[in-house]
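Me: I am new to this one. Please show me the model, and then I will ask about it piece by piece.

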Amino acid sequence: MAKLMRLDKYLADMGCGTRTQVKDAIKKGRVSINDEKIKSPETKIDIETTIVYMDGQPISYVQTEYYMLNKPQGVVSATEDRKYKTVIDLIDDKSRKDLFPVGRLDIDTEGLLLITNDGDLAHRLLSPKKHVDKTYYVELDSKIPANAKEEMLQGITLEEEFKTMPATLELLNETTCYLTIREGKFHQVKRMFEYFGCTVTYLKRISMGPLTLDETLKVGEYRLLTKEELLQLKSL
Ligand code: URA
(Lines give C-alpha, C1' and ligand atoms only; values in the text may rest on other atoms or scores of the structure.)
Protein backbone atom coordinates (compact mmCIF):
# COMPACT_ATOMS: atom_id res chain seq x y z
CA MET A 1 0.00 0.00 0.00
CA ALA A 2 1.29 3.44 -0.89
CA LYS A 3 2.58 5.59 1.97
CA LEU A 4 1.50 9.08 1.06
CA MET A 5 2.98 12.28 2.44
CA ARG A 6 2.83 15.97 1.61
CA LEU A 7 5.77 17.19 -0.43
CA ASP A 8 6.69 19.99 2.01
CA LYS A 9 6.77 17.56 4.96
CA TYR A 10 8.89 15.12 2.95
CA LEU A 11 11.51 17.78 2.29
CA ALA A 12 11.41 19.24 5.80
CA ASP A 13 11.80 15.76 7.35
CA MET A 14 14.88 15.22 5.21
CA GLY A 15 16.46 18.39 6.53
CA CYS A 16 16.04 20.48 3.37
CA GLY A 17 14.86 23.47 5.41
CA THR A 18 12.03 24.50 7.68
CA ARG A 19 8.47 23.90 6.51
CA THR A 20 8.28 27.57 5.42
CA GLN A 21 11.61 27.44 3.60
CA VAL A 22 10.72 24.30 1.66
CA LYS A 23 7.27 25.66 0.76
CA ASP A 24 9.02 28.68 -0.67
CA ALA A 25 11.48 26.50 -2.61
CA ILE A 26 8.59 24.45 -4.04
CA LYS A 27 6.70 27.58 -5.13
CA LYS A 28 9.85 28.89 -6.83
CA GLY A 29 10.04 25.74 -8.97
CA ARG A 30 13.20 24.29 -7.36
CA VAL A 31 11.54 20.92 -6.72
CA SER A 32 10.73 18.25 -9.30
CA ILE A 33 9.52 14.69 -9.63
CA ASN A 34 10.16 12.73 -12.86
CA ASP A 35 11.52 15.87 -14.54
CA GLU A 36 8.31 17.74 -13.81
CA LYS A 37 8.37 20.83 -11.62
CA ILE A 38 5.91 20.50 -8.75
CA LYS A 39 4.75 23.86 -7.47
CA SER A 40 2.18 22.82 -4.88
CA PRO A 41 3.51 22.01 -1.36
CA GLU A 42 0.38 19.93 -0.62
CA THR A 43 1.10 17.45 -3.41
CA LYS A 44 0.85 13.94 -1.97
CA ILE A 45 3.66 11.60 -2.89
CA ASP A 46 4.40 7.96 -2.21
CA ILE A 47 7.50 8.06 0.00
CA GLU A 48 8.45 4.48 -0.85
CA THR A 49 8.55 4.80 -4.61
CA THR A 50 9.07 8.47 -5.44
CA ILE A 51 12.37 10.27 -5.65
CA VAL A 52 12.10 13.99 -5.25
CA TYR A 53 14.71 16.34 -6.69
CA MET A 54 15.54 19.67 -5.12
CA ASP A 55 17.90 21.92 -7.08
CA GLY A 56 18.67 18.86 -9.22
CA GLN A 57 19.80 16.75 -6.20
CA PRO A 58 17.93 13.49 -5.52
CA ILE A 59 16.41 13.26 -2.05
CA SER A 60 15.07 9.88 -1.05
CA TYR A 61 12.96 9.56 2.05
CA VAL A 62 14.43 7.85 5.11
CA GLN A 63 11.82 6.93 7.73
CA THR A 64 14.01 5.48 10.43
CA GLU A 65 17.73 5.55 11.07
CA TYR A 66 19.78 3.44 13.45
CA TYR A 67 23.38 4.24 14.32
CA MET A 68 25.87 2.53 16.61
CA LEU A 69 28.11 5.13 18.24
CA ASN A 70 31.27 4.56 20.24
CA LYS A 71 30.59 7.45 22.61
CA PRO A 72 33.62 9.48 23.65
CA GLN A 73 34.05 11.18 27.02
CA GLY A 74 33.07 14.86 27.29
CA VAL A 75 29.91 14.49 25.21
CA VAL A 76 26.42 14.35 26.72
CA SER A 77 23.72 11.76 25.95
CA ALA A 78 21.09 14.32 24.98
CA THR A 79 19.66 15.90 21.85
CA GLU A 80 20.68 19.44 22.79
CA ASP A 81 22.78 21.06 25.46
CA ARG A 82 23.87 24.63 26.13
CA LYS A 83 27.32 23.74 27.34
CA TYR A 84 28.46 20.46 25.87
CA LYS A 85 28.50 18.77 22.50
CA THR A 86 25.80 16.10 22.30
CA VAL A 87 25.98 12.57 20.92
CA ILE A 88 23.64 13.71 18.13
CA ASP A 89 26.14 16.40 17.07
CA LEU A 90 28.60 13.59 16.34
CA ILE A 91 26.36 11.99 13.67
CA ASP A 92 27.47 14.07 10.68
CA ASP A 93 25.68 12.35 7.82
CA LYS A 94 22.25 11.87 9.38
CA SER A 95 19.16 12.27 7.21
CA ARG A 96 16.68 12.62 10.07
CA LYS A 97 16.43 15.64 12.33
CA ASP A 98 14.63 13.73 15.09
CA LEU A 99 17.37 11.36 16.26
CA PHE A 100 17.87 10.69 19.96
CA PRO A 101 20.08 8.42 22.09
CA VAL A 102 18.48 5.25 23.47
CA GLY A 103 19.19 5.70 27.17
CA ARG A 104 22.04 7.63 28.71
CA LEU A 105 25.70 7.17 29.38
CA ASP A 106 27.38 9.58 31.79
CA ILE A 107 29.53 12.34 30.32
CA ASP A 108 32.69 10.46 31.34
CA THR A 109 31.47 7.04 30.11
CA GLU A 110 32.53 5.69 26.73
CA GLY A 111 31.17 2.99 24.50
CA LEU A 112 28.07 1.60 22.89
CA LEU A 113 25.17 3.96 22.35
CA LEU A 114 22.29 3.39 19.96
CA ILE A 115 21.05 6.51 18.18
CA THR A 116 17.74 6.37 16.35
CA ASN A 117 14.41 8.06 15.74
CA ASP A 118 12.50 4.79 16.30
CA GLY A 119 10.54 5.54 19.46
CA ASP A 120 8.91 2.10 19.67
CA LEU A 121 12.21 0.27 19.58
CA ALA A 122 13.73 2.65 22.14
CA HIS A 123 10.76 2.14 24.43
CA ARG A 124 11.12 -1.63 24.25
CA LEU A 125 14.87 -1.52 24.92
CA LEU A 126 14.48 0.79 27.90
CA SER A 127 11.37 -0.75 29.40
CA PRO A 128 12.16 -1.94 32.96
CA LYS A 129 10.00 -5.00 32.28
CA LYS A 130 12.24 -6.17 29.44
CA HIS A 131 15.40 -6.49 31.58
CA VAL A 132 17.76 -5.92 28.68
CA ASP A 133 21.32 -6.90 29.72
CA LYS A 134 23.97 -4.18 29.54
CA THR A 135 27.63 -5.12 29.91
CA TYR A 136 30.30 -2.63 30.99
CA TYR A 137 34.06 -2.81 31.10
CA VAL A 138 35.05 -1.24 34.43
CA GLU A 139 38.36 0.00 35.86
CA LEU A 140 38.52 0.81 39.59
CA ASP A 141 40.84 2.73 41.89
CA SER A 142 41.18 -0.18 44.32
CA LYS A 143 40.93 -3.91 44.69
CA ILE A 144 37.50 -5.46 44.07
CA PRO A 145 36.53 -7.23 47.33
CA ALA A 146 36.21 -11.02 47.25
CA ASN A 147 32.52 -10.90 48.26
CA ALA A 148 31.51 -8.50 45.46
CA LYS A 149 30.78 -11.19 42.87
CA GLU A 150 28.39 -13.12 45.09
CA GLU A 151 26.70 -10.03 46.54
CA MET A 152 26.13 -8.50 43.12
CA LEU A 153 24.59 -11.76 41.98
CA GLN A 154 22.21 -11.68 44.96
CA GLY A 155 21.43 -7.99 44.37
CA ILE A 156 22.66 -5.15 46.55
CA THR A 157 20.66 -2.44 48.26
CA LEU A 158 21.72 1.03 47.19
CA GLU A 159 20.35 4.25 48.62
CA GLU A 160 16.60 4.88 48.65
CA GLU A 161 15.97 1.19 49.38
CA PHE A 162 16.62 0.28 45.78
CA LYS A 163 17.76 -3.33 45.43
CA THR A 164 19.57 -4.15 42.20
CA MET A 165 18.59 -7.12 40.08
CA PRO A 166 21.11 -9.98 39.89
CA ALA A 167 24.27 -8.65 38.20
CA THR A 168 27.15 -10.70 36.82
CA LEU A 169 30.70 -9.73 37.69
CA GLU A 170 33.56 -11.19 35.68
CA LEU A 171 36.96 -10.32 37.13
CA LEU A 172 39.78 -9.58 34.70
CA ASN A 173 42.31 -8.72 37.41
CA GLU A 174 42.20 -7.17 40.90
CA THR A 175 40.92 -3.79 39.71
CA THR A 176 39.24 -4.41 36.35
CA CYS A 177 36.17 -6.42 35.41
CA TYR A 178 33.09 -6.76 33.25
CA LEU A 179 29.79 -6.08 34.95
CA THR A 180 26.44 -7.03 33.40
CA ILE A 181 23.37 -5.31 34.80
CA ARG A 182 19.71 -5.48 33.81
CA GLU A 183 18.51 -2.06 34.85
CA GLY A 184 19.78 1.36 33.97
CA LYS A 185 19.37 3.50 37.06
CA PHE A 186 21.23 6.80 37.39
CA HIS A 187 25.00 6.15 37.81
CA GLN A 188 24.13 2.55 38.56
CA VAL A 189 27.50 0.92 37.90
CA LYS A 190 29.38 3.64 39.80
CA ARG A 191 26.98 3.33 42.72
CA MET A 192 27.25 -0.46 42.80
CA PHE A 193 31.02 -0.23 43.18
CA GLU A 194 30.80 2.62 45.69
CA TYR A 195 28.83 0.19 47.83
CA PHE A 196 32.05 -1.85 48.07
CA GLY A 197 34.21 1.23 48.65
CA CYS A 198 35.63 1.29 45.10
CA THR A 199 35.61 4.29 42.76
CA VAL A 200 35.14 3.75 39.03
CA THR A 201 38.03 5.39 37.15
CA TYR A 202 37.02 4.30 33.64
CA LEU A 203 33.71 2.98 32.32
CA LYS A 204 32.85 1.71 28.87
CA ARG A 205 29.65 -0.01 27.72
CA ILE A 206 30.38 -2.91 25.44
CA SER A 207 26.97 -4.45 24.87
CA MET A 208 23.26 -3.83 25.17
CA GLY A 209 20.92 -6.76 24.57
CA PRO A 210 21.96 -8.42 21.30
CA LEU A 211 24.03 -5.39 20.23
CA THR A 212 27.81 -5.48 20.79
CA LEU A 213 30.12 -2.53 20.27
CA ASP A 214 31.92 -2.88 16.94
CA GLU A 215 35.60 -3.06 17.84
CA THR A 216 36.59 -1.35 14.62
CA LEU A 217 34.81 1.85 15.71
CA LYS A 218 37.30 4.22 17.28
CA VAL A 219 36.09 6.41 20.15
CA GLY A 220 33.79 9.05 18.62
CA GLU A 221 33.10 7.01 15.46
CA TYR A 222 29.75 5.59 14.41
CA ARG A 223 28.15 3.44 11.71
CA LEU A 224 24.68 2.39 10.60
CA LEU A 225 23.37 -0.80 12.19
CA THR A 226 23.49 -3.83 9.91
CA LYS A 227 20.21 -5.48 8.83
CA GLU A 228 21.04 -8.42 11.06
CA GLU A 229 21.64 -6.23 14.15
CA LEU A 230 18.36 -4.47 13.52
CA LEU A 231 16.46 -7.73 13.15
CA GLN A 232 17.92 -9.00 16.42
CA LEU A 233 16.94 -5.80 18.22
CA LYS A 234 13.44 -5.83 16.79
CA SER A 235 12.89 -9.44 17.81
CA LEU A 236 13.55 -8.65 21.48
N1 URA B 1 26.36 3.25 35.06
C2 URA B 1 27.03 4.38 35.39
O3 URA B 1 27.38 4.60 36.54
N4 URA B 1 27.27 5.26 34.40
C5 URA B 1 26.94 5.05 33.11
O6 URA B 1 27.22 5.89 32.25
C7 URA B 1 26.26 3.88 32.79
C8 URA B 1 25.98 2.99 33.79
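Me: Which residue has a backbone N or O atom 3.5 Å from an oxygen atom of the ligand?
Reply: This is a predicted model, so treat each distance as computed. The residues around the ligand include His-187, Gln-188, Val-189 and Lys-190. Among them, the one with a backbone N or O atom at 3.5 Å from a ligand oxygen is Gln-188.

Me: Which residue has a side-chain N or O atom 2.7 Å from a nitrogen atom of the ligand?
Reply: Start with side chains at the ligand. Thr-109 places a polar side-chain atom 2.8 Å from a ligand oxygen, not a nitrogen. The ligand nitrogen has a side-chain N or O atom at 2.7 Å, and that atom belongs to Asp-106.

Me: How much of the ligand's area does the protein bury?
Reply: Thr-109 makes a polar side-chain approach of 2.8 Å to a ligand oxygen. Alone, the ligand exposes 240 Å². Of that area, the protein buries 96%.

Me: How many residues of E9 are buried?
Reply: Strand E9 spans 109–116 and supplies at least two residues of the largest nonpolar core. E9 is mostly covered. Its buried residues number eight of eight.

Me: Does E9 run parallel or antiparallel to E15?
Reply: E7 and E9 are antiparallel, joined by six bridges. E8 and E9 also pair in the antiparallel sense, over two bridges. With E15, E9 shares three bridges, and there the direction is parallel.

Me: Which residue of E15 stands opposite Gly-111?
Reply: Gly-111 lies in E9 and has Lys-71 opposite. Toward E15, the residue opposite Gly-111 is Arg-205.

Me: Which helices each supply at least two residues of the largest nonpolar core?
Reply: The core has 33 residues. Phe-193 is one of the members that touch the most others. Beyond its sequence neighbours, Phe-193 contacts residues including Val-138, Met-152 and Leu-179. Strands such as E10 and E14 supply at least two core residues each, and so do two helices: H4 and H5.

Me: How many residues are in the other core, which lies apart from it?
Reply: Nonpolar side chains tend to be buried together in soluble globular proteins. Members of this other core include Ala-12, Ile-38, Met-54 and Tyr-61. Its residue count is 18.

Me: Is Pro-41 buried or exposed?
Reply: Pro-41 sits in the loop between strands E3 and E4. It touches Arg-6, Leu-7 and Lys-23, among others. Its relative accessible area is 4%, and the cut-off is under 20%, so Pro-41 is buried.

Conventions. Residues are numbered from 1 along each chain as its sequence is written. This is a predicted model: local features need pLDDT of at least 70, side-chain atom pairs count only at pLDDT 80 or more; totals for chains, interfaces and linings use all residues. Side-chain values use heavy atoms; hydrogens and water are left out. A nonpolar core is a set of buried Ala, Val, Leu, Ile, Met, Phe, Trp, Tyr and Cys residues joined through side-chain atoms within 4.5 Å. Buried means under 20% relative accessible area, exposed over 50%, partly exposed in between (1.4 Å probe, protein chains only). Helices (H or I, at least four residues) and strands (E, at least two) are DSSP runs, numbered from the N terminus. Contact means heavy atoms within 4.5 Å. Two strands pair if DSSP finds at least two bridges between them. A residue is near a molecule or strand if one of its heavy atoms lies within 4 Å of it. A polar contact is a pair of N or O atoms within 3.5 Å; within protein, one must be able to donate a hydrogen and the other to accept it, and residues adjacent in sequence count only if both atoms are side-chain atoms. Accessible areas come from the Shrake-Rupley method with a 1.4 Å probe; for residues, only the protein chains shown count as cover. Lists of a residue's contacts leave out its neighbours within four places in sequence.
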